[in-house]
Amino acid sequence: NRLEHRFGARKPPKVSFEFFPPKSEKAEASLWKTVDRLKGLSPEFVSVTYGADGSTRERTHDVVKQLSDNSGLATMPHLTCVGADQSEIDDIADGYWDMGVRRIMALRGDPVGGAGEKYQPHAGGYPYAAELVSGLTKRHDFEIAVAAYPEAHPEAPSARFDLDNLKRKFDNGASMAVTQYFFDTDVYLRFRDACVLAGIEKPIIPGILPVTNYATTKRFSDACGTKVPDWMADAFDGLDNDAETRNMIAANIAIEQVLALQAEGIDEFHFYTLNRADLCFAVCHALKVRPGKTAPNDPESTNWRLAGY
Ligand code: FAD
């Protein structure tokens with residue numbers, strides 16, 4: 001039957017989680033609680049975003065340091081080209097390498113002033129992500145991830161141009177791409193096919209954003225080029241003052257999305273956690289990504305205990 005087909009035995013995929021550097025003590029406490037809960041799911045890596053104009057440079061660095069010193073998780077800082085010359089960016093990368101970090105997400109970054117403003121390469125800087133990837137590979141043996149856009153990057157003159165750009169990032173040394181979030185599963189699947197036709201053989205990991213706030217998501221998506229389908233507006237209609245029901249709807253939509261992708265053979269997912277554990281934890285559970293490798297009530301299962309069960 002349909003539910004059996006959806007939830008029945010499948011191999012758990014690999015997962016990874018994105019966090020952002022917190023702005024207050026309260027937000028920081030909440031981040032570490034989130035990390036504690038999600039680390040039991042044994043992610044492949046956790047990534048930490050970098051403010052568009054380098055504004056979170058220190059905070060990104062501090063979170064990365066704490067994660068790599070204390071959590072035991074493979075940590076992937078994001079690094080962007082915006083507002084810095086090459087030597088400043090190289091210094092940051094050297095610092096990460098010395099700290100034991102072996103993965104970097106190499107990005108151009110959004111223009112100063114945010115997505116929608118006109119981007120100007122910094123004088124003496126790395127102009128675009130492809131050049132940043134080259135620069136990083138020359139310095140250290142990082143495993144480098146880059147961004148990919150199933151609906152094409154909003155500034156790209158064409159989808160073909162953007163795909164060629166992604167290919168260039170791989171040719172320059174990236175070993176995986178994480179996608180911008182999307183809500184139309186077919187768009188991702190068509191993009192994956194286009195990547196294969198373009199000769200890209202490395203993983204294109206779908207970025208999954210569980211949505212709880214429709215209005216904010218719509219605003220943000222308009223700027224970054226992700227289409228928000230009408231059915232999503234309808235799913236959240238009338239729930240502005242009902243966070244609990246919104247959460248249930250959000251989990252349901254995200255679970256449907258990942259199960260549909262998993263049915264198409266996708267075996268790795270990246271979650272935009274927004275520093276919250278609950279939804280990602282529920283979605284991972286549905287994917288059979290669960291704490292520990294042994295039964296939940298097995299006292300030997302350390303991961304299970306770590307996750308607070
Ligand atoms: P690029 O790959 O350099 O491409 C940017 C645009 O320029 C594309 O339209 C491309 O087609 C075009 N282009 C590339 N080369 C050239 C060229 N030589 N001449 C003309 N046009 C060219 N932003 C942050 O600020 N901090 C983050 O931590 C962050 N994390 C992200 C994580 C993921 C997984 C994703 C998908 C996005 C993230 N972003 C982040 C947003 C990202 O920085 C923006 O989408 C940015 O506008 C593009 O970055 P990119 O690395 O994709 O750029």
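**Figure 1. Span and sidedness of helix α10 in the predicted model.** The expected span of a helix is 1.5 Å times one less than its number of residues. Helix α10, residues 243-263, has 21 residues and should therefore span 30 Å, and its end C-alpha atoms are indeed 30 Å apart. Buried residues in α10 are A250, A251, A254, I255, Q257, V258 and L261. They cover an arc of only 165 degrees around the axis, so they sit on the same side of α10. An α-helix has 3.6 residues a turn, so residues three or four places apart point the same way. T245 and A263 are exposed on the other side of α10. The buried residues of α10 pack against α7 (185-197), β8 (207-208), β9 and α11. Just after α10 comes G265, with a positive phi of about 90 degrees.

**Figure 2. Helix α3 and the elements that cover its buried residues.** Helix α3, residues 57-71, has 15 residues. From its first C-alpha to its last α3 reaches 20 Å, close to the 21 Å expected at 1.5 Å a residue. T60, V63, V64 and L67 of α3 are buried. These residues lie on the same side of α3, because the arc they cover around the axis is only 100 degrees. E58, D69 and N70 are exposed on the other side of α3. The cover over the buried residues of α3 includes the strands β1 (14-19), β2 (46-48) and β3 (75-80). It also includes the helices α2 (25-39) and α4 (86-99). G72 follows α3 and has a positive phi, near 75 degrees.

**Figure 3. Contact between helices α5 and α6.** The axes of α5 (residues 129-139) and α6 come within 8 Å and cross at roughly 5 degrees. Angles under 35 degrees count as roughly parallel, and α5 and α6 are therefore roughly parallel to each other. On the α5 side the contact is made by A129, A130 and V133, and on the α6 side by N165, R168 and K169. By class, the residues of this contact of α5 with α6 are three nonpolar, one polar and two charged.

**Figure 4. Surroundings of K169 in helix α6.** K169 belongs to helix α6, which comprises residues 159-171. A residue counts as buried if 20 or more other C-beta atoms lie within 10 Å of its own; K169 has 27 and is therefore buried. Not counting residues up to four places away in sequence, K169 touches A129, A130, V133, V146 and A174. F220 is 51 residues from K169 in sequence, and the two C-alpha atoms are 25 Å apart.

**Figure 5. Surroundings of A106 in strand β4.** A106 is found in strand β4, residues 103-107. A106 counts as buried because it has 29 C-beta neighbours inside 10 Å. L79 is 27 residues from A106 along the chain, yet their C-alpha atoms are separated by 5.3 Å. Leaving aside neighbours within four places in sequence, the residues in contact with A106 are L79, A129, L132, V133, L136, I144, V146 and A174. A129, V133, V146 and A174 in this set are also touched by K169.

**Figure 6. Helix α11 and its packing.** Helix α11 comprises residues 278-286. L279, C280, F281, V283 and C284 are buried in α11. The buried residues of α11 pack against β1, α2, α10 and β9. Just after α11, K288 takes a positive phi of about 70 degrees.

**Figure 7. N275 and K288, with positive phi.** Most residues other than glycine have a negative phi. N275 is not a glycine, although its phi is positive, about 65 degrees. N275 lies in the loop between β9 (268-272) and α11. N275 has 19 other C-beta atoms within 10 Å and so is partly exposed. K288 is also a residue other than glycine, and its phi is positive, near 70 degrees. The place of K288 is the loop between α11 and α12 (302-306). K288 counts as partly exposed because it has 13 C-beta neighbours inside 10 Å.

Notes: Residues are numbered from 1 along each chain as its sequence is written. This is a predicted model: local features need pLDDT of at least 70, side-chain atom pairs count only at pLDDT 80 or more; totals for chains, interfaces and linings use all residues. Helices (H or I, at least four residues) and strands (E, at least two) are DSSP runs, numbered from the N terminus. A residue is buried if 20 or more other C-beta atoms lie within 10 Å of its own, exposed if 12 or fewer, and partly exposed in between; C-beta atoms are placed from the backbone. Two residues are in contact if their C-beta atoms, placed from the backbone, lie within 7 Å. Axes are lines fitted to C-alpha atoms, for helices over the stretch in contact, and angles run from 0 to 180 degrees between N-to-C directions. Angles under 35 degrees count as roughly parallel, over 145 as roughly antiparallel, 65 to 115 as roughly perpendicular and the rest as oblique. Ala, Val, Leu, Ile, Met, Phe, Trp, Tyr, Cys and Pro count as nonpolar, Asp, Glu, Lys and Arg as charged, and the others, Gly among them, as polar. The arc is that of the directions from the helix axis to the C-beta atoms.
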